[in-house]
Amino acid sequence: MNNFYTSTRNNTIKISAKDAIQQGFSEDGGLYVFPNFNNVSINIKELKNKSYQDIAKLVLRQLLPDFSDKEISDCVNSAYDSSFDTDEITPVTDVDNFHILELFHGPTSAFKDVGLQLLPQLMKHSIANKRVMILTATSGDTGKAALEGFKNSDKIAITVFYPHNGVSRVQKLQMTSTTGNNTEVAAIEGNFDDAQSNVKKILNDASLKKELGNNISLSSANSINIGRLIPQIVYYFYSYKQLLQNNQIHTGDKVNFSVPTGNFGDVLAGYLAKQLGLPVNKFIVASNENKVLTDFFNSGIYDRNRPFFKTVAPSMDIQISSNFERLLYYKSNGNSEYVKKLMNELEQNGKYKVSDELLNSIKKDFYCGYSTDEEIKQSIKDVYDKYGYLMDPHTAVGYKVMRDYERIDDSCPTILLSTASPYKFVKVVSEAILKNNSDDDLQLMTDIQEKTGIEIPKNLAAVWNLAILHKDVIKKEDMRDYVKMKVEADLYDKN
Ligand SMILES: *Cc1c(COP(=O)(O)O)cnc(C)c1O
């Protein structure tokens, strides 16, 4: 009865939510999934007048059955007490004929905060007497959000790897200035996919496990961890509730969500919300020029053998959308042998092709498109000029693809997920809306604030004056040794 989760690559595995959270992902290389939604649901009629925290508790109770009510309450209350700059946590703003769900009001001004404020709380209740080193590969935003979430946790340390020269100036400052006696940060000579695949390798490294001993375990704060993904289900319900409360929809009406997508975690959380009963017409999956998913939707072939582009929406510069594996599991009706075969092909040849049946089933729930860098800038400018709303470049990707979809089907209202504050990506934003451009990001922040009157989030205004505490730059081959060294520094000596 306590074993609810299984692996996308081996559905004979059964483990508890706590074990799944502590391990991060399955030893067979698969991701943990909640296999069957038949007996869990959220009654949308009960959403009205519920706070964000109330809805979070409802969702967690459904999907984390081995947590007690008290544990769930403690986790949610600690995660979302004062760390966000609004009581609503994820407010909804109306713009033109659509709605923007702002996910960037947390301590690092990126949507990753929503998951990463709660994950450490869930982890705390999942590790029993172990000590845990969290390993995180970041394309920019996850790193700082994870560091803030886990900073000063008892018995848990965190190491973050980011691509050298692959993150924005602000993102880099945010990470390298992190305090806390259990935080480690290193730049990798490589791109995000290098960092991510090496982290996966290290997490699966049996000999390293032996060397570290039984008392230490390695885990992940990336969206491959269900403890990171489940918190993201909440804001889909919360935004629906907001539209209900504003009488913009009636209970049961379907809505679309447009989701700027990289690792497919955010939009997969939406799909899980739908499995729990949220009335959704389409999920609009929006990519930047790294459009491996758009090509998949057109051909049924997932092919990562292609040039890698550094775009102006760097948190989505990804060619392997890890969480897509979970969708393949659900859409093949839990056929883990089939998922394993596809994932082996991806590892060996860099590509796989799915059956027409599977592709059509995916297309029932999802639409996919992409935006070029030029279109991103144009969208930021258009939306600011026409409606006075300032989007970050990732949100602008979602906006562009949302408009594409509208031309095919405009029967349902659309909620556009806004995944970062525009102040995290001032270069592009200023190119879009300001005439004069400086090389100095701090100057640009100030200029944007002056022009738009939108206040700079406190954490971003403060970052320029903080001491740089993390300066390591390492080769991607050296990540394993680095982790070992840091485990010894952060976890062995401390009781
Ligand atoms: C991580 C991130 C995304 C992509 O989210 P996934 O869950 O990886 O699909 C989009 N926008 C921003 C700003 C991000 O940080």
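The shell around the ligand, counting residues with a heavy atom within 4 Å of it, draws at least three residues from each of domain 1 (44-81 + 110-223 + 470-490) and domain 2 (92-108 + 227-454), with bounds that come from an automatic or database domain assignment. I should say that this is a predicted model, where local features need pLDDT of at least 70, side-chain atom pairs count only at pLDDT 80 or more, and totals for chains, interfaces and linings use all residues. Residues are numbered from 1 along each chain as its sequence is written, and side-chain values use heavy atoms, with hydrogens and water left out.

The centres of the two domains, taken over C-alpha atoms, are 22 Å apart. Their contact, meaning heavy atoms within 4.5 Å, takes 48 residues from domain 1 and 48 from domain 2.

Now to the ligand itself. It is surrounded by 15 residues, and the closest are Lys112, Asp141, Gly262, Asn263 and Thr419. By class, the shell has five nonpolar, seven polar and three charged residues, where Gly is counted among the polar ones.

As for polar contacts, which are pairs of N or O atoms within 3.5 Å, a polar side-chain atom of Lys112 lies 2.5 Å from an oxygen atom of the ligand, and a side-chain N or O atom of Asp141 is 2.6 Å from a ligand oxygen. Phe264 takes part through its backbone, with a polar atom 3.0 Å from an oxygen atom of the ligand.

How much of the ligand does the protein bury? Taken alone the ligand exposes 390 Å², and the protein buries 98% of that, using Shrake-Rupley areas with a 1.4 Å probe.

How values were computed. Polar contact = N/O pair within 3.5 Å; in protein donor to acceptor, adjacent residues only side chain to side chain.
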